[in-house]
Amino acid sequence: MAQEMEKLGGTSEEADEEMDMEVKEEDEEEEEEEEGASGSGGAVVMGLAAPAAGEDMGGRYFEQPGGIDGGGGDGLMQGVVMRRPRPKEEKERTKMRERHRRAITARILSGLRRHGSYNLRARADINEVIGALAREAGWAVLPDGTTFPSRSSASSSPQAPPATSSVAPAQIQPLRGVSPGGLGSVEYSPLKGVFTPAATSYDGRCRTSVMVGGHRERMLDSSPLAASCTDGVDGKQVTDIPSTHRMPEHDFAGTPYVPVYVMLPLGVINMKCELADPESLIKQLRILKSVNVDGVMVDCWWGIVEAHTPQEYCWHGYKRLFQTVRELKLKLQVVMSFHECGGNIGDDVCIPLPHWVAEIGRSNPEIFFTDREGRQNPECLSWGIDKERVLRGRTALEVYFDYMRGFRVEFDEFFEDGIISEIEVGLGPSGELRYPSYPVKYGWRYPGIGEFQCYDLYLMKSLRKAAEARGHSFWARGPDNAGSYNSQPHETGFFCGGGDYNSYYGRFFLNWYSQVLVDHADRVLSLAKLAFEGTCIAAKVSGIHWWYKTASHAAELTAGFYNPCNRDGYASIASMLKRHGAALKFTCAELRTLDQHEEFPEALADPEGLVWQVLNAAWDVCIPVASENSLPCHDRSGYNKILENSKPMSDPDGRHLATFTYLRLSPDLMESHNFLEFERFVKRMHGEAVLDLQS
């Protein structure tokens with residue numbers, strides 16, 4: 001064994017002498033501790049803190065009436081345990097085994113320091129060695145020693161490492177062929193205290209046996225963060241994981257059918273209103289059809305269709321696309337996209353607002369949303385001009401209605417045939433009902449709280465009217481202590497605990513700010529209902545999940561959702577949608593709160609709590625609810641979370657999503673292993689049985 005270690009480390013004479021000195025010092029310390037622990041008559045005190053009544057030193061229970069001293073002691077030995085001294089030969093054998101183990105460990109450490117440049121303390125134990133190797137391989141190692149594949153390593157590796165079993169330290173085999181490049185070149189026996197999943201895809205959660213005092217106490221469904229517990233070996237925190245396990249999945253066979261749509265690429269129609277790559281698109285659509293996808297979603301861009309002259313519309317690229325979709329017997333969800341594309345997360349093309357609108361904006365920049373510093377955002381039109389005739393004699397509402405009515409007339413046959421199943425009405429940036437409070441172009445980075453966007457001429461006029469109607473004209477201003485785009489709530493006087501957001505002025509301002517959002521959606525959807533009578537219409541609400549665990553919910557407030565911890569900011573939106581018979585479409589269906597906590601603990605995000613709140617706000621008023629993922633999703637863990645949100649197993653009323661739209665068709669989705677997972681997901685959304693459910 002020592003020869004094998006020399007192959008790894010090749011320790012020098014100086015390192016051996018240092019190691020021998022350390023072993024000698026530890027042996028002397030052990031002898032002093034044993035001598036100091038010896039009592040009269042050869043009795044040995046095992047510890048100042050005795051185990052619980054009825055438990056011996058190995059963690060096993062036994063009958064012991066009358067307490068630890070059996071009821072007959074004089075009280076001096078309360079809290080200690082007596083046992084006969086070990087034979088001298090046994091003590092010597094134990095010392096030799098321990099000395100041998102330390103020698104092996106010292107040679108491993110010496111080799112790793114010399115050849116691998118690992119930063120390990122002089123008396124590091126074997127768990128620290130494994131931790132260093134795991135970190136080198138890109139794995140996550142928690143402070144308590146729990147080890148598991150990180151998100152990147154788990155997704156890039158086709159097969160996870162084998163699961164571990166618990167072994168005694170004396171059974172640990174030497175490491176051979178250690179390479180600082182990763183664990184792939186290491187041969188080792190499974191080690192207790194290191195968490196590795198079964199040889200299957202890692203789905204973000206595990207089922208662990210919690211060992212307390214040597215006894216199996218309970219089973220926990222937990223994440224890797226919670227997969228640590230106390231074992232009786234050297235007081236270390238370790239886990240005892242079954243050798244073969246995977247988080248069991250729900251069987252959605254026989255559950256309600258939820259249609260699945262796939263978003264087409266943003267640039268499927270180019271700036272000339274032509275189908276960009278028809279051959280490739282047809283091939284991909286046929287593949288989607290082969291796995292029974294129900295349809296596709298496409299953005300109908302205002303900046304392409306009405307690009308140059310007001311009320312002159314160019315539809316021919318969309319007509320060819322719709323004909324292709326109809327030939328393949330797919331359905332269509334169409335987005336009335338009154339915003340620009342480009343500059344936001346996930347945007348891979350640039351589609352600005354119509355040129356004639358941009359010309360008006362250069363002479364009158366107040367038609368765009370404006371922040372406190374006076375920066376205009378040309379991503380979409382300010383809601384302050386909904387009723388202002390500043391767009392070549394038309395109001396913004398009239399422009400939106402003319403566009404929607406023109407679309408309805410042009411594609412009448414597709415409505416009559418039922419090919420167009422839903423119209424999603426764009427209500428703000430990215431087509432979502434929200435203020436553009438976190439623009440990347442102005443330096444916003446997650447998880448900044450964003451800024452209020454109400455400083456254009458027209459919205460400030462609305463604020464003045466509201467303040468005067470309230471009788472406090474000096475309230476006609478935005479907050480001056482709300483921080484900047486990348487501030488955190490506790491850094492501001494407005495959003496911090498007990499901050500001005502909950503003052504008389506703060507409540508007035510936030511109520512006005514959020515009501516402007518609701519009123520805009522109310523007006524546009526009333527016109528959409530007229531234009532698309534008989535067709536389902538939907539509004540998309542953005543999932544602002546960061547800072548959800550704080551009292552103020554600052555990021556939601558700047559986006560227009562008046563949803564602090566003491567108020568439901570989505571009930572009024574759901575009630576407004578109810579009046580128009582519109583569906584509510586919500587994002588971030590695939591996100592798990594635990595994952596957000598691991599990656600951005602400072603964000604205090606809770607996407608699961610937010611999804612639960614919004615879905616129930618909509619279901620409480622009995623409107624259809626649809627959803628989509630906010631980020632690309634190709635792993636089974638994300639799909640499982642979408643399924644859990646789509647068909648809540650614990651809902652006594654059996655409520656479920658009306659549709660789900662997958663973001664988005666891409667080369668990554670078409671890769672064989674990704675597409676197989678997607679096909680499996682579609683089947684489960686349709687309520688079909690799959691054969692490889694985890695047990």
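Visitor: Where is the place of P447?
Guide: Welcome to this predicted model! The peptide bond that leads from Y446 into P447 is cis, with omega near 5 degrees. As for its surroundings, P447 has its place in the loop between strand 13 (432–433) and helix 12.

Visitor: I449 is in that loop too. Is I449 buried or exposed?
Guide: I449 is indeed found in the loop between strand 13 and helix 12. Setting aside residues up to four places away in sequence, I449 touches a list of residues including A482, Y485, P489, F495 and W547. Buried means under 20% relative accessible area. I449 has 1% relative accessibility, so I449 counts as buried.

Visitor: How far apart in space are I449 and A603, C-alpha to C-alpha?
Guide: Along the sequence, I449 and A603 are 154 residues apart. In space, C-alpha to C-alpha, the separation of I449 and A603 is 9.6 Å.

Visitor: W547 came up as one of the residues that I449 touches. What is the relative accessible area of W547?
Guide: W547 lies in the loop between strand 14 (536–541) and helix 14 (554–559). Phi of W547 is positive, near 65 degrees, in a residue other than glycine. W547 is buried, and its relative accessible area is 2%.

Visitor: N292 has a positive phi as well. How does N292 count by its relative accessibility?
Guide: N292 is not a glycine, yet its phi is about 70 degrees. N292 lies in the loop between helix 6 (278–290) and strand 8 (295–301). Its relative accessibility is 45%, so N292 counts as partly exposed.

Visitor: Which residue does a cis peptide bond join to L663?
Guide: Here omega is about -10 degrees. The partner has its place in the loop between strand 17 (659–662) and helix 19 (667–670). The residue joined to L663 by this cis bond is R664.

Visitor: Which residues is N344 in contact with, leaving aside its neighbours within four places in sequence?
Guide: N344 is found in the loop between strand 9 (331–337) and helix 9 (355–363), and N344 is buried, with a relative accessible area of 17%. The C-alpha atoms of N344 and Y438 are separated by 9.4 Å, although these residues are 94 apart along the chain. Beyond its sequence neighbours, N344 is in contact with E379, S430 and V440.

Visitor: Let's turn to the helices. How do helix 12 and helix 13 lie to each other?
Guide: Two packed helices are described by the angle between their axes and the distance between the axes. For helix 12 (residues 457–470) and helix 13, the angle is about 130 degrees and the axes are 11 Å apart. Angles from 115 to 145 degrees fall outside the parallel, antiparallel and perpendicular ranges. Helix 12 and helix 13 are therefore oblique to each other.

Visitor: Which residues of helix 13 make that contact?
Guide: Helix 12 passes helix 13 in a right-handed crossing. From helix 12 come L459, S462, L463, A466, A467 and R470. The residues of this contact divide into 8 nonpolar, 1 polar and 1 charged. On the side of helix 13, the contact is made by F508, F509, W512 and V516.

Visitor: How do helix 13 and helix 15 lie to each other?
Guide: The axes of helix 13 (residues 504–531) and helix 15 (residues 571–580) come within 10 Å and cross at roughly 15 degrees. Angles under 35 degrees count as roughly parallel. Helix 13 and helix 15 are therefore roughly parallel to each other.

Visitor: How many residues of the contact of helix 13 with helix 15 are charged?
Guide: Residues of helix 13, among them L517, D522 and K529, meet residues of helix 15, including I573, M576 and R579. The residues of this contact divide into 7 nonpolar and 3 polar, and the charged ones number 3.

Visitor: Which helix gives the most to the largest nonpolar core?
Guide: In soluble globular proteins, nonpolar side chains tend to be buried together. The largest nonpolar core here has 148 residues, of which Y318, F322, F407 and F678 touch the most other members. The helix that gives the most to this core, with 15 residues, is helix 13.

Visitor: How many of the 695 residues of the protein chain count as buried, in percent?
Guide: The protein chain has 20 helices and 17 strands. Of its 695 residues, the share that counts as buried is 51%.

Terms used: Residues are numbered from 1 along each chain as its sequence is written. This is a predicted model: local features need pLDDT of at least 70, side-chain atom pairs count only at pLDDT 80 or more; totals for chains, interfaces and linings use all residues. Side-chain values use heavy atoms; hydrogens and water are left out. Axes are lines fitted to C-alpha atoms, for helices over the stretch in contact, and angles run from 0 to 180 degrees between N-to-C directions. Helices (H or I, at least four residues) and strands (E, at least two) are DSSP runs, numbered from the N terminus. Angles under 35 degrees count as roughly parallel, over 145 as roughly antiparallel, 65 to 115 as roughly perpendicular and the rest as oblique. Contact means heavy atoms within 4.5 Å. Ala, Val, Leu, Ile, Met, Phe, Trp, Tyr, Cys and Pro count as nonpolar, Asp, Glu, Lys and Arg as charged, and the others, Gly among them, as polar. A nonpolar core is a set of buried Ala, Val, Leu, Ile, Met, Phe, Trp, Tyr and Cys residues joined through side-chain atoms within 4.5 Å. Buried means under 20% relative accessible area, exposed over 50%, partly exposed in between (1.4 Å probe, protein chains only). A crossing is left-handed if the near helix is turned anticlockwise from the far one by less than a right angle, and right-handed if clockwise.
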